[in-house]
Amino acid sequence: MQALARVARSLHRPGFSRAMTTATAEYDLVTIGGGSGGVRASRFAATNAGAKVAIIEMPYNAVSSSTAGGFGGTCVIRGCVPKKLFVYASHFREEFEDCKGFGWGLESMPPLDWGKMQQNKTKEIERLNGIYEKMLSGAGVTMLRGSGSLVDAHTVKVDHLDGTSTNVTAKNILIATGGTAVKLDIPGAEYGITSDEALCLESLPKKVVVIGGGYIAVEFAGIFNGSGSETHIVFRQPAPLRGFDEDVRNVVHENLGKRGINVHNKANPTKIEKGADGLFTLFMDTGVEISDVDVVMFATGRKPNTHRPDLNLAGVGVELTKGGAIKVDDFSKTTVDGVWAIGDVTDRVNLTPVALMEGSAFVATALQNNAVRPDYQYIPSAVFCQPPVGSVGLSEQEAIKQGMTCDIYIASFKPMKGTVSGRDEKCMMKCIVEVATNKVVGMHMVGADSAEIMQGMGVALKCGCTKQQLDSTVGIHPSTAEEFVTMRTATRRVGPNSAL
């Protein structure tokens with residue numbers, strides 16, 4: 001009788017369809033969203049947990065919309081991958097400039113065929129989009145083309161491309177719809193583009209303004225500048241990359257200017273006007289105007305995608321945070337039983353590898369009876385500005401805020417390549433050590449290959465690396481990376497007991 005009572009209560013809880021029970025569901029899992037996290041979770045659910053899985057995604061397009069997307073999501077189609085390809089392309093300017101010091105007789109800068117680069121980029125992301133579909137098919141996952149929205153806690157309405165719709169039922173529903181770029185709410189914002197469109201420009205703009213000071217902004221400023229555009233970057237903070245270590249921010253700020261990018265800090269855009277000649281003028285609260293602009297790009301953040309198209313979360317009782325993200329617990333479960341969410345739509349740590357981790361943890365928890373919390377400690381990350389940034393662990397400011405007393409080790413030097421090329425640019429490497437435990441709690445770098453170096457350092461911090469262990473490690477010479485194991489004298493001590 002108690003068991004029957006529990007079933008009766010479950011059938012009457014909000015969002016549960018009386019027409020079905022989980023025992024009669026068509027699928028063990030239906031995933032809404034075919035980006036990195038959604039695909040990982042769907043594949044692992046099918047192959048590792050033996051689940052019957054369907055995944056819903058809109059048709060491929062390089063620019064996302066309420067009717068277009070594609071398997072692979074933002075990262076593969078209109079984010080990390082195509083951006084990195086353009087970083088590679090723009091970086092050749094640095095190599096051409098530096099080669100003269102090494103004896104190469106390059107008389108003039110070779111021209112960039114932007115159209116050819118676009119063509120090759122598109123070919124590559126279409127290839128990857130196809131690979132994602134093959135991986136899903138190979139895993140036995142059913143791919144449903146269209147958009148999905150919740151009917152109840154175990155039913156998803158699929159709006160198909162032909163205008164029809166059907167309902168599918170599942171024991172578990174996973175929302176992995178990612179995020180979307182946002183623009184500032186200023187007059188003339190409709191004239192600006194976002195990173196989606198920037199990666200699809202048919203021709204290289206002669207003059208471009210990038211609005212924003214985050215990682216997307218500094219990356220695209222480097223891309224446009226390296227490709228040959230007159231580039232301006234506008235942000236309201238004193239330095240770019242708010243939230244990063246202050247020494248990192250200051251070095252990146254300096255490097256932007258040294259690379260020839262026009263930096264407008266402590267400035268707020270107020271409006272964009274379009275002239276009769278089709279060119280734009282950006283107005284700022286500093287009184288400065290940037291005129292004759294071909295492209296204005298907004299890199300002013302992203303927001304969780306719960307609205308494009310509408311997922312009907314409120315209708316089912318799935319709660320959102322004040323910032324519009326889906327509210328989840330430590331195991332990615334929403335406020336409705338049977339409905340889960342991972343990736344940028346939850347606005348936890350918005351990185352592709354984190355979405356992959358969350359997808360794997362979800363499968364273990366929901367389908368393999370093995371509750372696994374995603375582990376957000378010591379997540380390494382990179383910013384592919386030029387030169388790039390690599391970071392793992394706490395910034396100096398975060399360590400102080402947590403009440404730690406830390407020794408700060410900093411090395412700032414001209415890389416060996418720069419001593420011959422003559423490039424006026426320094427590499428900065430930083431190690432943060434908690435005095436009480438001798439543990440390394442943060443590592444940061446601005447310089448060539450920082451992402452590659454920091455991936456290894458992420459493993460070290462994950463294993464509880466101490467400064468003593470770093471000091472006992474033999475360096476690779478000559479390399480930049482060896483500096484992390486040869487820093488012996490602290491630059492400063494910070495924190496509540498710094499005077500002791």
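This note sets out numbered points on a predicted model of a protein.

1. Overall architecture. The secondary structure of the protein amounts to 14 helices and 21 strands. Its radius of gyration is 25 Å, close to the 23 Å that the globule rule gives for 500 residues, so the protein is as compact as a globular protein of that length. Measured out along the principal axes, the C-alpha trace spans about 80 × 65 × 45 Å.

2. Burial, surface and contact range. Of the 500 residues in the protein, 48% are buried. The protein exposes about 23,100 Å², and carbon and sulfur atoms supply 51% of that area. Among contacts with a separation of 6 or more, 62% join residues 24 or more positions apart.

3. The largest nonpolar core. This core has 36 residues, and F220, F224, V252, M297 and V389 have the most contacts inside it. At least two of its residues come from each of α4 (80-98), α5 (114-138), β7 (207-211), α7 (215-227), α8 (246-258) and β13 (295-298). Helix α7 gives the largest share, seven residues.

4. Surroundings of V389. Which residues are in contact with V389, leaving aside its neighbours within four places in sequence? They are L241, V248, V252, S381, A382, V383, M445, V446 and S450. One of these, V252, is itself listed with V389 among the residues with the most contacts inside the core.

5. A separate core. Apart from the largest core lies another, of 28 residues. Its members include I408, Y409, C431 and L461.

6. G178. This glycine is found in the loop between β5 (165-175) and β6 (179-181). Is G178 buried or exposed? With a relative accessibility of 18%, G178 counts as buried, because the cut-off for that class is under 20%. Residues up to four places away in sequence not counted, G178 touches P304, N305, D344 and V345. The C-alpha atoms of G178 and E107 are separated by 47 Å, and the two residues are 71 apart along the chain.

7. S149. Strand β3 (residues 142-152) holds S149. The relative accessible area of S149 is 11%, so this serine is buried. Its contacts, neighbours within four places in sequence left aside, are with I32, T155, V156, K157, D310, L311 and N312.

8. T281. The position of T281 is in strand β11 (residues 280-284). T281 has 15% relative accessibility and therefore counts as buried. When residues up to four places away in sequence are not counted, T281 touches K271, I272, E273, E289, I290, S291 and D292.

9. A nonpolar surface patch. F102, W104 and V420 make a nonpolar patch of about 360 Å² on the surface. Where is V420 placed? The residue is in helix α12 (residues 416-421). V420 has a relative accessible area of 42%, which means that it is partly exposed, as this class lies between 20% and 50%.

Definitions and conventions: Residues are numbered from 1 along each chain as its sequence is written. This is a predicted model: local features need pLDDT of at least 70, side-chain atom pairs count only at pLDDT 80 or more; totals for chains, interfaces and linings use all residues. Side-chain values use heavy atoms; hydrogens and water are left out. Helices (H or I, at least four residues) and strands (E, at least two) are DSSP runs, numbered from the N terminus. Buried means under 20% relative accessible area, exposed over 50%, partly exposed in between (1.4 Å probe, protein chains only). Contact means heavy atoms within 4.5 Å. Patches are made of residues with over 30% relative accessible area and no salt bridge: like charges are joined within 9 Å, nonpolar side chains (Val, Leu, Ile, Met, Phe, Trp, Tyr) within 5 Å. Accessible areas come from the Shrake-Rupley method with a 1.4 Å probe; for residues, only the protein chains shown count as cover. A salt bridge is a side-chain nitrogen of Lys or Arg within 4 Å of a carboxyl oxygen of Asp or Glu. The radius of gyration is taken over C-alpha atoms; the globule rule is 2.2 Å times the number of residues to the power 0.38. A nonpolar core is a set of buried Ala, Val, Leu, Ile, Met, Phe, Trp, Tyr and Cys residues joined through side-chain atoms within 4.5 Å.
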